[in-house]
Amino acid sequence: MSPRREPVPLVLAGARGHGRRHLDTIRRLALSGRVRLAGICELTPLSGPELDGFGAPEQSGDLTALLRSTGARVVVVSTPIHTHTALALTAADQGAHLLLEKPPAPSYAEFQRLADGVEAAGIAAQVGFQSLGSHAIGAIRDLVADGVVGDVLGIGAAGAWTRGEAYFRRAPWAGHRRLDGDDVVDGVLTNPLAHAVATALALDGSTGGGDIEAIETELFRAHDIEADDTSYVGITTTAGRRIGVAATLCAGHPDEPYVVVHGSRGRITFWYKQDRVLVQRSGHGPQESFHGRTDLLDNLLDHLEGRAPLLVPLPVTAAFMRVVEAVRDAPEPTRLPPEAWSRVTDEEGAVRRVVHGVDGLVAASADTLSGFGALGAPWALTRGELNEQ
């Protein structure tokens with residue numbers, strides 16, 4: 001009979017907003033005896049109802065002090081983007097392993113500083129791209145390797161989502177490119193629909209910083225924000241393939257985001273939030289399959305026990321960070337003219353903005369790997385005016 005494992009002491013930095021999802025995961029793992037929530041790092045301590053099922057973990061706004069007093073082995077960082085590097089390096093300095101929310105950093109320089117610190121500390125660092133925990137990723141790679149859809153011609157991705165105007169008032173940093181001199185880069189491609197970019201890069205096998213030859217951006221905004229809410233990025237890899245990602249938070253009818261692998265004899269579409277795959281190819285009927293998913297905190301714990309490699313280690317997000325850098329360095333997003341969008345109110349009274357025709361443009365972009373300008377959107381820049389990195 002194997003000895004009973006002691007639960008791993010864990011600290012959660014950022015327990016509100018998206019951090020609530022991490023609390024749910026930690027609660028599940030705590031109930032199974034795998035982890036113990038030793039501490040919560042928040043500027044305003046959580047109340048009793050927010051801590052349902054956790055007892056009374058230590059709370060502090062000082063992560064260094066919290067790690068020293070709790071002896072936590074793992075830190076989950078789910079805080080504003082511009083705080084990621086400092087908090088992650090604090091965890092590394094204390095020898096704690098990391099699950100770091102995406103994007104890992106707001107600039108490539110900060111990403112490199114983070115990567116150097118993680119390597120020097122000898123800790124494990126996993127980045128929270130949950131879509132890369134989908135078992136569909138490996139299945140699609142196998143289909144491509146077996147030549148099921150022929151030669152890969154390119155990869156497209158589409159994200160047609162909606163976010164109400166209140167979304168950009170949820171926090172002082174929301175919708176900002178910079179705040180008080182710090183990079184934030186809270187745009188549609190780098191935060192809410194960052195998974196579309198990262199998943200497309202992963203399916204192409206272009207995850208390293210050196211795998212990217214060139215990046216073009218088309219950044220627009222319908223909302224009264226600094227950052228982009230309707231954008232396209234065209235990526236040319238060093239292997240000569242094309243990746244195009246179009247995304248908006250101003251859809252008329254929101255739908256599940258997806259990535260599509262275009263082959264010479266067919267295509268593979270992956271709805272990454274559903275772990276759903278559809279294969280369409282010449283001479284065959286459509287084949288649909290659903291796949292499992294490994295939670296990234298589970299995987300980190302398995303890795304620390306020597307039972308699994310990390311699914312999303314920091315180095316495999318370097319190509320994604322090249323995209324973040326291209327968005328960061330691009331000219332300010334173009335404000336869409338008033339005639340390009342409308343304000344609508346949903347049944348709950350939330351107000352949002354809809355860019356006319358953007359749903360079809362996003363889908364067409366994924367099909368053609370073209371930007372909004374090339375697709376003829378009247379409000380978009382022409383191909384010659386695109387920002388190239």
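## Strands that pair up

Two strands count as a pair if DSSP finds at least two bridges between them. With that in hand, look at strand 1 and strand 2 (residues 35-41) in this predicted model: six bridges join them, and the two strands run parallel. To pick out one spot along this pair, find Leu10, whose bridge partner in strand 2 is Leu37.

Now zoom out to the sheet. Six strands make up an open sheet with parallel pairing, and their order is 3-2-1-4-5-6. Which strands stand at the edges? They are strand 3 (58-60) and strand 6 (125-127), and each has a single partner strand, so one side of each has no neighbour in the sheet. From one strand to the next, the twist averages 20 degrees.

Over at the strand 6 end, three bridges join strand 6 to strand 5 (residues 97-100), and these two run parallel. Here you can look for Leu100, which has Val127 of strand 6 as its bridge partner.

## Strand 1, wrapped up

Is strand 1 (residues 8-13) largely enclosed or left open? Six of its six residues are buried, so the rest of the structure largely encloses strand 1. Follow the side chains and you'll see two sets: Val8, Leu10 and Leu12 point one way, while Pro9, Val11 and Ala13 point the other way, and all of them are buried.

## Helix 3 and its neighbours

Helix 3 is mostly covered too, with eight of its 10 residues buried. The buried ones are His84, Thr85, Leu87, Ala88, Leu89, Thr90, Ala91 and Ala92. What do they pack against? Helix 2, strand 4 (74-77), strand 5 and helix 4. Just after helix 3 comes Gly95, with a positive phi near 75 degrees.

Let's take one of those neighbours, helix 2. The axes of helix 2 (residues 63-70) and helix 3 (residues 84-93) come within 10 Å and cross at roughly 30 degrees. Angles under 35 degrees count as roughly parallel, so that is the label for helix 2 and helix 3. Their crossing is right-handed. On the helix 2 side, the contact is made by Leu63, Thr64 and Leu67; on the helix 3 side, it is made by Leu87, Thr90 and Ala91. Sort the residues of this contact by type and you get four nonpolar, two polar and no charged.

## A second helix pair

Two packed helices are described by the angle between their axes and the distance between the axes. Try that on helix 6 (residues 194-204) and helix 8 (residues 318-329): the angle is about 135 degrees, and the axes are 9 Å apart. Helix 6 and helix 8 are therefore oblique to each other. The crossing of helix 6 and helix 8 is right-handed.

Which residues make this contact? Helix 6 brings Ala194, Val197, Ala198 and Leu201, and helix 8 brings Ala319, Phe320 and Val323. These residues divide into seven nonpolar, no polar and no charged.

## Odd spots in the backbone

A few places in the loops deserve a look. The peptide bond from Lys102 to Pro103 is cis, with omega near -15 degrees. You'll find Pro103 in the loop between strand 5 and helix 4 (108-121).

Next, look at Asp180: its phi is positive, about 55 degrees, although Asp180 is not a glycine. Asp180 sits in the loop between strand 8 (178-179) and strand 9 (182-183). Asp275 is another residue other than glycine with a positive phi, near 55 degrees. The loop that holds Asp275 runs between strand 14 (266-271) and strand 15 (276-281). So are they buried or exposed? Asp180 counts as exposed, at 77% relative accessibility, whereas Asp275 is buried, with a relative accessible area of 9%.

## A buried asparagine

Finish your tour in helix 7 (residues 296-304), where Asn299 lies. With a relative accessible area of 3%, Asn299 is buried, because buried means under 20%. What does Asn299 touch, not counting residues up to four places away in sequence? Its contacts are Gln126, Thr294, Ala308, Pro309, Leu310 and Leu311.

Key: Residues are numbered from 1 along each chain as its sequence is written. This is a predicted model: local features need pLDDT of at least 70, side-chain atom pairs count only at pLDDT 80 or more; totals for chains, interfaces and linings use all residues. Side-chain values use heavy atoms; hydrogens and water are left out. Helices (H or I, at least four residues) and strands (E, at least two) are DSSP runs, numbered from the N terminus. Axes are lines fitted to C-alpha atoms, for helices over the stretch in contact, and angles run from 0 to 180 degrees between N-to-C directions. Angles under 35 degrees count as roughly parallel, over 145 as roughly antiparallel, 65 to 115 as roughly perpendicular and the rest as oblique. A crossing is left-handed if the near helix is turned anticlockwise from the far one by less than a right angle, and right-handed if clockwise. Contact means heavy atoms within 4.5 Å. Ala, Val, Leu, Ile, Met, Phe, Trp, Tyr, Cys and Pro count as nonpolar, Asp, Glu, Lys and Arg as charged, and the others, Gly among them, as polar. Buried means under 20% relative accessible area, exposed over 50%, partly exposed in between (1.4 Å probe, protein chains only).
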